[in-house]
Each structure stands twice: as C-alpha cells, then as structure tokens.
Amino acid sequence: MHSYKYLKMNKSAQGILSVLPVILILIFLKGYPFYTTVYESFRNWDGLFKNNFIGLSNYIDIFTNGDLWTMLLNNLVMLLHIPLLIITGLIFALLLYEETYGWKIFRSISYLPNVISVVIIGYLFRMLFAPDGPVPMVLSAIGIDLEWLANGWSGMAVIIICIIWQSMGWQALLILGGLSGISVSVFEAARIDGAGYWTRLFKIVLPLIVPVIEYSSILSVLMVFGNSFGYIFSITRGGPGYATTTLDYMIYSKAFVTGTQMGAACAVGVVLAVIIFIATLIQMRIARKTESGVE
Amino acid sequence: MLFTALTFLYPLYYLLINSLKNISDYYTNKFSLPPLNNITFDNFAVVISQFNIFKYFFNTAILVIVGGILVLMFSICASYSFAKLEFTGKKYVYIGVLATMMIPMSVTFIPIYVLFANLGLVNTRLGMVISYLGMIPGTILLLTSFFKNISNEMLDAASIDGAGYFQIIRNVIIPMGKPAIILVIIFNSIAIWNDFLLPLIMLNKMDLMTITVALSLLANKTVTTEKTIQIAGIFLSILPVILLYIFLQKHIIKGINMGSVK
Amino acid sequence: MQRKMSRFLVVLLVVIFAVSFTACGSGNTDKSPDADNTKSTTEPAPVKDVHLVLWTASGSLVSGSEAKLPQDQWVLSKMLRIFEERNPGVTVEVMVEPDQGQAHQTFKAAALAKNGPDVVNLWTGLYTTSLKEAAYILDGKVPQEDLDNLIGWETVREGFKSDGSIIAYPWGTTDAIGIGYSKKLINAAGLDFEANPPKTTAEFDAACEKIKATGVIPMVSDEGSWPANLYFIHNYWWQQLSGADTIAKENSGKMKFVDDNGLKDALTYYQSLYKNGYVNQDALSSTNATERFLTGEAAMRYVGVGSIPSLIDKMGDDLGVMPTPDMPGAKITGSQIGGVGQALVIANYSKNPEMAVKLCSFLNSAEFYKEYVKVNPCITIRKDFAFEDTGMDSLPIYKKLFGMAQKSILFTDNLVDSDAMNELAKQAPLVYSGKLTPEEALEAMDKQIAAKNK
C-alpha cells in the first residue's frame, strides 16, 4: 500500500489536475481558434498570403452592406420555429400523458427523427418538396401550386418544417418529463376545487413546466444561430440568391465556396459570436425573471 | 394518435418503397409500392458493392468509438472534480468550460482547419478524433449535474478504506453514475456518427470518409444520377441508427430529461 | 488495490493502442513510405524514395463512370502503376475530392501550412491563376513536345496571354456545350434543326414559339444537372458581346459590371426566355430535366460532350445537337462555351517538383489518353488525336460535337473573378424568374469586387 501514497494527493490538487487536461484541450480547440478568428477579422486575409491590417474595414462593410440584415432576418425567421415547436410538442406531450390510444408507439416513433443526421433529413425533405416530389403533387391535387424551393419564404418554410419534424419528438418528451414531475395530488386538489380541464392546463400545468421550456428554448436558439448549417446546406444551399442564407451559412460560403474573403468571413464570425452571447444572456435573464415570478 | 404516428413516419416509408424500385418504375409513380413482380435489390447492391458503403460505416464507427472513449475519459475526471472536489476558482473554471459551448463551430472551423493543416493533422483519423474532443463541455454539463447527486457517504467510505483518486472513480463514480454515463455515450455516439461539417472539410480522402460526407457525394450526382440508388444509399445509412435506437430507446428517452430538471 | 491499479493501466494501454491505430489509419501526406519499392529493375535508378500525392476529383482524372468502382480498377490507378514502374523509387498516391469546387479552398489551406498534395487538379482560368503564389511556376520546365501537342495553354497562363507565366498544366478534355434536341419533336413543330438551325436569337425565339404551339416545353432546365442547369446559358452571350478584355478590366475593378452592356443584354434576353414560357417555369428548383427531355415533355436541353452517351442510350438517332444561337451585335459568332476546363497545379512547397512535372506530362501523354477514352469517350486536348482517337462512336452527332469543340471559347466562369462569378451564379436564378433586375445583379457583383480591393 505504501507504493500508492503518491496517488493520495490532497483533494484540491486532485481537483485541479482533473480539469487541467480539459482546460488545455479547450484552449487548443476553442480558445486559440477563436482568438485567430478575432485577429483575422481586422485584416484582409485572402486565404493565401495576403494578410494586412485594415482596421475596422470589414466590420464597416458588414454593417453598411445590406446583406447582414437579410441574414439576420433569416436567423430571426428561423427562430419562429420555436413557438411552433413548443406548441406541437406540448400538444403531443399532453396526449402522451393522457395515454391516448397508441401512445407507447408514438413515444418511440416521435424521437426517431432526432437521431438521424441533419444532412440526411435535409436531403430527404428536399426530395419531398421538389417540384416532382410528393408534397407538391398532393397539394396540386387540391389546387395549390407552389414551387417550394424557388422562393425565399417557402424555402424557409421547408427548413422550418424540417426542423420541427426532426425536433418534435425531443420537445414532446422533454415536456412529458416535466409533466411527470408534477405530483398527481396537485391535480386532485384542483379537481376537487372544481377546476375544469382547461383551467387546470393553463393555471397549473403551464407555469410548472416553464423551466423545461426555458431549457429547450435556450438550446433551440443556440441551434438556430450556431448550428443551422446542416439544414441549409442540404435543403436550399442558401438560395435562391441569399434568401435562405443565415449568418453561419454565410461564413461557410465566404470561406469555403469562394475562399478569398477570409478576413471578412472571420468578421462575420465575430459578429455571430457576439450575437449568440447576447441572445443567451437575454434568455437567461428572462429565465431568472419568470422563475422568481412563478414563486 | 396512431394515425399521427403513421403520418409522422411517412418520409421514411417513402424512402423504403422507392429504394426497392428500379428507375423506370420510380419515374412512373413515386408513391406506389413497388410492383410486386419487380421488386429489385439492385439499388442496394450497387450501394454496397460499388459505392462501398460498409467502408464508410467502418470509418465512422472508428471515430465514434475512439472519440467516444477519449471524450468520456476526460469528461468523467473533470465532472467528478466539479461535482465533488473543491479547489480555488472552481466556479469560474466551470463557467468558463460551459461558456465555450457558446462558440459555434462555424466561428472556429476556419482557424481549426489551418491549424490542423499546419500540424499535418488534416485527413488523419487522429486529427478528426482530436476535434471531437470539443464535445467535452456538453458532456461535462450532463455528467456534473448527475454526479452531484451521488451520495457523499459512499465517497467518504471509499476514502476511509484508503482508495486513491482513480480507485474512487472506478469503484464509486462510475457504478453510481452509470445511467448518466450510458446516456452520454449514446448521445455522443449519435452526434459523432451524424456529424457533417467537420468531416466535410477535414476528411477528403476517399478511404477515410465518413458516412454523412459519402452520402452527400452520392446525392450530388457526381457518382450517379439515378435517384433510386441515392435513395437506397440514404436508407441504408439510416438503418444502423434506427436499429441502435430501437434497442436503446429506454435509456434514450429516460435521459432526455436529465439535463433539464435542475 | 494493486489489481485495480493494474486494471486501470490495462484500460489506459487499450486506449493508447486504439489511438495509435487511428493515427496509423491516417493519410501519409507528409511521410515517405517506401513499401512498394521491392521491384528490382535493370534501369540505373538514382531516384531516392519519392512520394507524390495527387489530388483529383471524380468527373476529372477519375471519370464519372469509374467513380463507383473500387479504386484499383480506375484507369488512373492502372496508369500510375505503370508510371511507378518506369520511375523506380517513386510512389504516387491519389486522393479524390468529393467536391472539386471545395478542393480549391482546401488546397489554399494546405499551401499556407506548406503541407499537402504535390499535384492538385483544379479548374483552369482564374481558379488556377489566382493561386500563382502557391504554385510552382512552370516557365522553362515544360517539355517542348507538351507545349506543342496540347491545347489549352492560354487557360493556365497568367493573364491568359500567350507569353504569360505558366502556372499549371492543362489537362483532359475540351468541351462544347450546345443545345441538344429531339428531332422528332422539332419536326413536329414544322422545323428542321439539322438542315436549318436557328443562328440568331431572333430565329431562336420564333422557333420556340412554334414548338410551344405544339404543346411541348421548348427547353427544359433544372438546377442540378450539368450543363442543363441555367449556369452556362447566359455566359456564352456575355462573352460574345463583351469580350474577354472587358471581363479582365472588370475583374480588376477598372470597369464596373453595371456598365457592361453586353452582360446586361445577355441577362435581359435570358430573362425573356423564362418570361415567354420558352423554359419550364419550375426551372429554379426542379431536379428532373433529363427525365422530361427523355420522356418527350421537352424538345431541347443543354448538353455537353459528356452528357451524350446516356442520352443516346435512350434516344438513339433522335438526338441532335446545335450551337447556341448568337445575340445581335456579337463579336464572336458561331461558337459556344467550352474549352479546356481542368488543370494540374504543382505546389511550390512540393519536395519533388521535377518528378511532379514528369507526372503531369505522363498524365497528358498519348498513351494515358488512349486508355482513358476507352472508359470515357471524349475530345482530349491532344492536337495529335483525331476523331478516331476519341473513343466516341462514329455517329454524326459526335462528329458534329468534335467540330464544334475546336471552336469553343473558354468557360466564362473561369475568366471571371471567383467572388463576382459566385455572386452572379447565386443571383442568376432570381434574374431569370424575374424577381431581380439585371442591374441589381450586376451591382451585387460590383460590390464583391469592391470588397476585395481593400
């Protein structure tokens, strides 16, 4: 046993050493690249050897050139999926909770799309909504003729439908988990007091699942700003024109499609990071307020 | 409810029936089941033998396994520390680690690519695995909140018995943290399997490619323009994930709620 | 405790093994293995172990039809083994990019890191010449017989002048993008494109009207299949109206795209095709142009040399081809978009540039092309290859294409600054469907150029 004494360091040292590798890894994988992005955003790097300091020129361009607002708008439109997602998720969670017929099967099936790759689902939806695909054919039978992927707004609609199809199971199950956390006695008491179904729903259930909804909306917002690349790439490639391009797709586009405006792409990246940071702060503040409001 | 479930699954059904049609049947009618006398497995045959889909499965699986193990190793140690050990500045380090989750891939992947190119890590499995270490913060988030609930009595008992650092982890944390750990393994594996952007820019070599990138090749008409083959490829690639899901449903569904109830 | 410690060590060892296994599975981009050099030769081979890495894309050195096959069955692989036999001590490794457009970017990062392929297969024109700083300049290094026997050198020279610095080797095929049509449907409209093809856009409009009257879509297009997509249609008109010099001026910002009347007229006419219903109205997002052309829903479709074989399979002799009609006031007439599209760039960080030059020369040799056309009939860039050497069947349509290819002008997108071109490609569908005016698209292009000259 004496040979293992060196392992019995004091707990504090253990603690620090446990997290040290992680800290180093994160500095390498996130800290340094982020620093580089900020550094390059002030330069006119063209992907090769041209790399001179140009001050705020990139940033000025971003804010005066109309494109930033278009893309931001697209990001915001994408955020619209969140309320839709929450509502559909809530409806299904309630149905599952009430154990309506077939609920077990539905519970399994609903989460399935979430485990499939975003890109694959995107291609699938692209096929479904293409002019020769099932959706337009069914719609034209009832008289609606729409070329989904040819317009900015309808392209956005396809993306939103796709996100909802993929995330609905996740949202419903999250809410279901929250619902299960409400003890049945609360409902009993309410029913004894004469409260009807809808009253029970709005006055009891909704306030109590607010934390769950906050958690999922923070994640959804993060996804819209930081991770929507997969959907856009596979469904619309940002088109037509720039109508469905969001900020993070723009970075990819500038950096990897033409690749000569790396400095500018980095500037967009920094702007994006700042936006995400602000959005998260706002959400956390709202979360704190509602939590204290509930109590 | 049952009806909704079935409509929900329609896109997958569409994939299945069309992957069994030959190309002229596909053109005739995209919705119908394949004519019973003409069900063809040729599409799958092409995808397996010529397009070599199993190689891509293998490549992706290696990344999942090795990446998963490494992420797990580092995260368990760090989460144990955040949950149970004390050291100066712990709170700030914890917040810092979680804050890195806010920096999206799109902001860092340009410098990461150049950095890796400088280190000769592009197009190497090692480089790919290292970049997946970025999943550590998310993993730590899940594990830490779970580990906090491990009773301190068990830990004290182990300490009294003279257990050192690694012993505690092996004998107390891991067994008691099993539900969360299993969950993390499942979620991380799915995420790595499905990842697209990183392999797209980092793994260009044909024999190192992952399944998602290989599929985008297939869908991009550089390999084939026959839609039925593309559909068959997409269907096959989803199959492992679906099977995995069916077997592990219970754990997955249980785990979705773990991160949310604080 | 001892057991537990050793168990932990075992786990650690397993992980280390796993990690090193993955490291071994990596690509050897910067090491020089010599595993294959066990062949003994009688040649006095003073070459030390040389390992060359070649990047290409499917549809280029590896033809589209071969891409599905295992790597060792490619013509490229077989020919590379022959190259290795002739140059003992040399091994060549091939990496295939899924997306050739992207290869340009990944090569740039490799050039920055000075760590990547020795030879990379990119697109000619500005795509390549803009990478001059990363390329091994070939002035004085190219064997004279290659300069004499291959066409396409001006597409890889700086400034496209015949005395500009040579940035890369041209490679592959010269193309001709023309209008393919179904003779049956054309005749049904009372026209005969074989004898009397529309030579001007006015004649083309008249012809489309007649075809439309028979209830068939005159020209079908979609957003995916090359070259049936809308990408090239206006490019030829632009070049024939404005000329390559104007384009060069616009690239450097000396002239603005908004003032380029040639481009404006080209885009306006292009818009009119859609407005008049001469093209399928869902061209922006449809993906089945080929289907429609084959099932007789449409009379015409843009084709390139590579598109012909699969079409002939289904249509046989019904398929005809003709050059693009000319716009009024064109400086260049009777030609079409095409030319040499592929180039081989040697990286300036390559440790073995002379051997890389030898490789490029070999890939352009008559014996290489002879094998290549067996799996991919095409019009190669070798001047000494006549029609019979193209591997194409002696059908009149192929002979016609061969003749057309001799008169192609280079793909406009290879001449235009990549950001501006990308902008045009993005905005063109909007212009086409009338959602954007040509002027607005041109302004967007100007913005791109302005952003670069900082």
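Start by selecting helix 2 of chain B, residues 10-19. Helices here are DSSP runs of H or I with at least four residues, strands are E runs of at least two, and both are numbered from the N terminus. Color Pro11(B), Leu12(B), Tyr14(B), Leu15(B), Ile17(B), Asn18(B) and Ser19(B): these are buried. Buried means under 20% relative accessible area, exposed means over 50%, and partly exposed is in between, using a 1.4 Å probe and protein chains only. Seven of the 10 residues in this helix are buried, so it is largely enclosed by the rest of the structure.

A quick word on what you have open: this is a predicted model, where local features need pLDDT of at least 70 and side-chain atom pairs count only at pLDDT 80 or more, while totals for chains, interfaces and linings use all residues. Residues are numbered from 1 along each chain as its sequence is written, chains are lettered from A and ligands numbered from 1 in the order in which they are written, and side-chain values use heavy atoms, with hydrogens and water left out.

**Chain B as a whole**

Now show all of chain B as a cartoon. You'll find 15 helices and zero strands. Of its 262 residues, 61% are buried. Contact means heavy atoms within 4.5 Å. Take the contacts in chain B between residues at least 6 apart in sequence: 70% of them join residues at least 24 apart.

**Ser75(B)**

Next, go to helix 5 of chain B, residues 53-84, and pick out Ser75(B). Buried or exposed? Ser75(B) has 0% relative accessibility, so it counts as buried. Show what is around it: leaving out residues up to four places away in sequence, Ser75(B) touches Ile136(B), Thr139(B), Ile140(B) and Leu143(B). For a distance to try in the viewer, go from the C-alpha of Ser75(B) to that of Leu141(B): they are 9.2 Å apart, with their positions 66 residues apart along the chain. Then look back along the chain to Val71(B), whose backbone oxygen lies 2.7 Å from a polar atom of the Ser75(B) side chain. On helices in general, an α-helix has 3.6 residues a turn, so residues three or four places apart point the same way.

**Thr212(B)**

Move on to Thr212(B), in helix 14 of chain B, residues 211-219. Thr212(B) counts as buried, at 2% relative accessibility. Which backbone oxygen lies 2.7 Å from a polar atom of its side chain? That of Asp195(B). Leave aside neighbours within four places in sequence, and Thr212(B) is in contact with Trp193(B), Asn194(B), Asp195(B) and Phe196(B), plus Ser117(A) from chain A.

**Chain A against chain B**

That brings you to the interface of chains A and B. Select the residues in contact: 75 from chain A and 80 from chain B. The buried area (accessible area lost by two parts on being put together, 1.4 Å probe, summed over both) is about 7100 Å², and carbon and sulfur atoms give 81% of it. In chain A, highlight Leu29(A), Lys30(A) and Val115(A), which lose the most area to chain B, together 9% of what that side buries. There are zero salt bridges across this interface; the rule asks for a side-chain nitrogen of Lys or Arg within 4 Å of a carboxyl oxygen of Asp or Glu. Three residue pairs are in polar contact, both at pLDDT 80 or more. A polar contact is a pair of N or O atoms within 3.5 Å; within protein, one must be able to donate a hydrogen and the other to accept it, and residues adjacent in sequence count only if both atoms are side-chain atoms. Helix 1 of chain A, residues 11-40, supplies the largest share of the chain A side, 20 residues.

**Chain A against chain C**

Switch to chains A and C, where 39 residues of chain A meet 36 residues of chain C. About 3100 Å² is buried here, with 51% from carbon and sulfur atoms. Zero salt bridges turn up, and one residue pair is in polar contact, both at pLDDT 80 or more. On the chain A side, select helix 2 (57-64) and helix 12 (247-258), which each supply at least two residues. Helix 12 gives the most, with five residues.

**Last stop: the cysteines**

Finally, select the cysteines. How many disulfides does the structure hold? Zero over all chains, taking a disulfide as a pair of cysteine sulfur atoms within 2.5 Å. Zoom in on Cys378(C): the closest cysteine sulfur, in Cys360(C), is 18 Å from its own, too far for a bond. Cys378(C) counts as buried at 4% relative accessibility, and Cys77(B) is buried at 19% relative accessible area.
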